[in-house]
Amino acid sequence: MEADAKPKKSGPRLCCICTKRRAVLKRPKTLEQICRECFYEVFEEEIHQVIVENQLFKPGERIAIGASGGKDSTVLAYVLSELNRRHNYGLDLFLLSVDEGITGYRDDSLETVKRNELQYGLPLKIVSYKDLYGWTMDEIVKMIGLKNNCTFCGVFRRQALDRGAALLKVDKVATGHNADDIAETVLLNILRGDIARLGRCTSITTGEDGPIPRCKPFKYTYEKEIVMYAYFKKLDYFSTECIYSPNAYRGFAREFIKDLERIRPRAILDIITSGENFRISTSTKMPEQGTCERCGYISSQKWCKACVLLEGLNRGLPKLGIGRSRGLNNDIKKDTKQAGGTKSIESKQCGSLDF
């Protein structure tokens, strides 16, 4: 008769933290099954501990949050606002956006950022490629095509963020780079053999020797958890990928990281730890940081990468600054002098950072 007895149905699985409420998700990082309320708590507390342990901020500092309208920057703006109030950080927070000039993508995402400005009560500053460099990404892609366009965008965006931060007179820029992003960057720098960047890409704060440091409060936060947090909190964010990014080299590293995560969730943190533990030989010659002779931006060459790329665009030679050409800076300067001074580059200046 016992064989005919039906197995008892097990009840709903309870949260492994509070053991009271029903578990609604499994954390990608730890595989713990927890309820929504406990997820909010551990997610925010982990970020708070990262901020405190790494002394990312000091009371009274002005902090610009790099805001694109995407999930990472939207969650960062929301969480930093909450933690700033809850733990009395004493920070003045601002939203800082870069308009690359990508029709059908950035114009839509900036509308999300403008709504975030009202939702979180944070002042917003927008700087554009067109104003800073005289070019939009649409115009650049029209000239160079879909290959290598991410090189231009990445270089210009990094400098545009610094220039926007300088206009806001902030002490630091907080970006939404998450654990997945950093693991991807470690792999990319290994594949490229870029020892200089490999040595600093895992640092939670960079540019401390420069005018405006940058920090990454999400350094140990998984992308999947950021998406879950945004979803459960019903945050307003823009989820469309850049229309020019499908061919980006980073996409290959991203797919590889996702495959590793499916096999072993901790792989992302392990790659970051490996990057942190890399030791560069003392005999390795590293580039010396200086300033660009043309715009004053940080550079290890006479001209910064942005000025080299911009010069190529203005001269109708968009591939001039692509790749690693030895003596490229010297060649450009020599060619410009032979062409009759610096009129060609001054027509669309990269501009002074006024630091």
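In this predicted model, leucine 191 is placed in helix 7, which spans residues 179-192. The residue is exposed, because its relative accessible area of 58% lies over the 50% cut-off. Leu191 also takes part in a nonpolar patch on the surface, where Tyr249 and Phe252 are the other members. Together, these three residues present about 370 Å² of accessible area.

Helix 7 is also one partner in a helix pair. Two packed helices are described by the angle between their axes and the distance between the axes. For helix 7 and helix 11, the latter made of residues 267-277, the packing angle is about 50° and the axes are 9 Å apart. The two helices are therefore oblique to each other, since an angle of about 50° falls neither under 35 degrees nor within the range of 65 to 115. The crossing of helix 7 with helix 11 is left-handed.

A second pair brings together helix 1 (residues 36-53) and helix 9 (residues 223-233). Here the axes come within 11 Å and cross at roughly 130°. Helix 1 and helix 9 are likewise described as oblique, because the angle of roughly 130° sits between the perpendicular range, which ends at 115, and the antiparallel one, which begins over 145. For helix 1 and helix 9, too, the crossing is left-handed.

Turning to the backbone, most residues other than glycine have a negative phi. Against that background, two loop residues invite a look. Leucine 31, although not a glycine, has a positive phi of about 65°. Leucine 31 belongs to the loop that links strand 1 (25-26) with strand 2 (33-34). With a relative accessible area of 47%, leucine 31 is partly exposed, because this value does not pass the 50% needed to count as exposed.

Asparagine 88 is also not a glycine, and its phi is positive at about 55°. This residue sits in the loop between helix 2 (71-86) and strand 4 (92-99). Asparagine 88 is exposed, with a relative accessible area of 67%.

Strand 4, which follows that loop, contains valine 98. Valine 98 is buried, because its relative accessible area is 7%, under the 20% cut-off. Along the chain, valine 98 and leucine 110 are 12 residues apart, and their C-alpha atoms are separated by 8.8 Å.

Note on methods. Residues numbered from 1 in each chain as written. Predicted model: local features only at pLDDT ≥ 70, side-chain atom pairs only at ≥ 80, totals over all residues. Heavy atoms only, no water. Patch = residues over 30% accessible without salt bridge, like charges linked within 9 Å, V, L, I, M, F, W, Y side chains within 5 Å. Areas by Shrake-Rupley, 256 points an atom, 1.4 Å probe, with all protein chains shown as cover. Salt bridge = Lys/Arg side-chain N within 4 Å of Asp/Glu carboxyl O. Helix = DSSP H or I, 4+ residues; strand = E, 2+ residues; numbered from the N terminus. Buried < 20%, exposed > 50% of the residue type's maximum accessible area, 1.4 Å probe, protein only. Axes fitted to C-alpha atoms, helices over the stretch in contact; angles between N-to-C directions. Left-handed = near helix turned anticlockwise from the far one by under 90°.
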